[in-house]
Amino acid sequence: IHSLPFVNDGRYGNGRSWISNRTGRGWVELELPEPVTIDRVSWSRDRDGKFTDRLPTRYRIDVSLDRESWAVVASSDDRAAYAPGAAAGPPALSAADRASWLALT
């Protein structure tokens, strides 16, 4: 039930997830048929709320148009450290920014 086709299938649920075969590590490469603009990446292993340890705490997203030159477009390097039980989302936003952020979730 934790197989690679579930990485990008658009379905939610604990029974439709991918888990790396390396504890605490893993990587996935998605190849799209043509260049596209991606405005966000959402992930979570625990869509059903049964586990508290099923999310990536360190990550890096790289992109390439030719599979030779790669650029980092997002990473956990500029994120607050994971703290179990901490409030989700950015700690301090203007009302307008918070509304925009909430619309994404």
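In the predicted model, the side chains of arginine 60 and aspartate 62 are joined by a salt bridge, with an N to O distance of 2.8 Å. The two partners fall into separate classes of solvent accessibility: arginine 60 counts as exposed, at 56% relative accessibility, whereas aspartate 62 is partly exposed, with a relative accessible area of 26%. This pair belongs to a set of three salt bridges found in a search of the whole structure.

A further salt bridge brings together the side chains of arginine 67 and glutamate 29, again with a separation of 2.8 Å from N to O. This contact links distant parts of the chain, since arginine 67 lies in the loop between β1 (60-63) and β2 (71-75), while glutamate 29 belongs to the segment before β1, the two residues being 38 residues apart. Arginine 67 is partly exposed, its relative accessible area being 49%, and glutamate 29 is likewise assigned as partly exposed, with a value of 38%. Because the exposed class begins over 50% relative accessible area, the 49% of arginine 67 leaves this residue in the partly exposed class.

Arginine 67 also forms a salt bridge with glutamate 31, for which the closest N and O atoms are 3.0 Å apart. Here too the contact links distant parts of the chain, with glutamate 31 in the segment before β1 and arginine 67 in the loop between β1 and β2, at a separation of 36 residues. Glutamate 31 is exposed, with a relative accessible area of 63%. Taken together, Glu29, Glu31 and Arg67 are linked in a network of salt bridges, in which arginine 67 is paired with glutamate 29 and with glutamate 31. In general terms, side chains of opposite charge can pair when their charged atoms come close.

Apart from these charged contacts, the surface carries a nonpolar patch formed by Leu4, Val7, Val28 and Leu30, which together contribute about 320 Å² of accessible area. One of these residues, valine 28, is found in the segment before β1, the segment that also holds glutamate 29 and glutamate 31. Valine 28 is partly exposed, with a relative accessible area of 33%; because patch membership calls for over 30% relative accessible area, this value is consistent with the inclusion of valine 28 in the patch.

Conventions. Residues numbered from 1 in each chain as written. Predicted model: local features only at pLDDT ≥ 70, side-chain atom pairs only at ≥ 80, totals over all residues. Heavy atoms only, no water. Salt bridge = Lys/Arg side-chain N within 4 Å of Asp/Glu carboxyl O. Helix = DSSP H or I, 4+ residues; strand = E, 2+ residues; numbered from the N terminus. Buried < 20%, exposed > 50% of the residue type's maximum accessible area, 1.4 Å probe, protein only. Patch = residues over 30% accessible without salt bridge, like charges linked within 9 Å, V, L, I, M, F, W, Y side chains within 5 Å. Areas by Shrake-Rupley, 256 points an atom, 1.4 Å probe, with all protein chains shown as cover.
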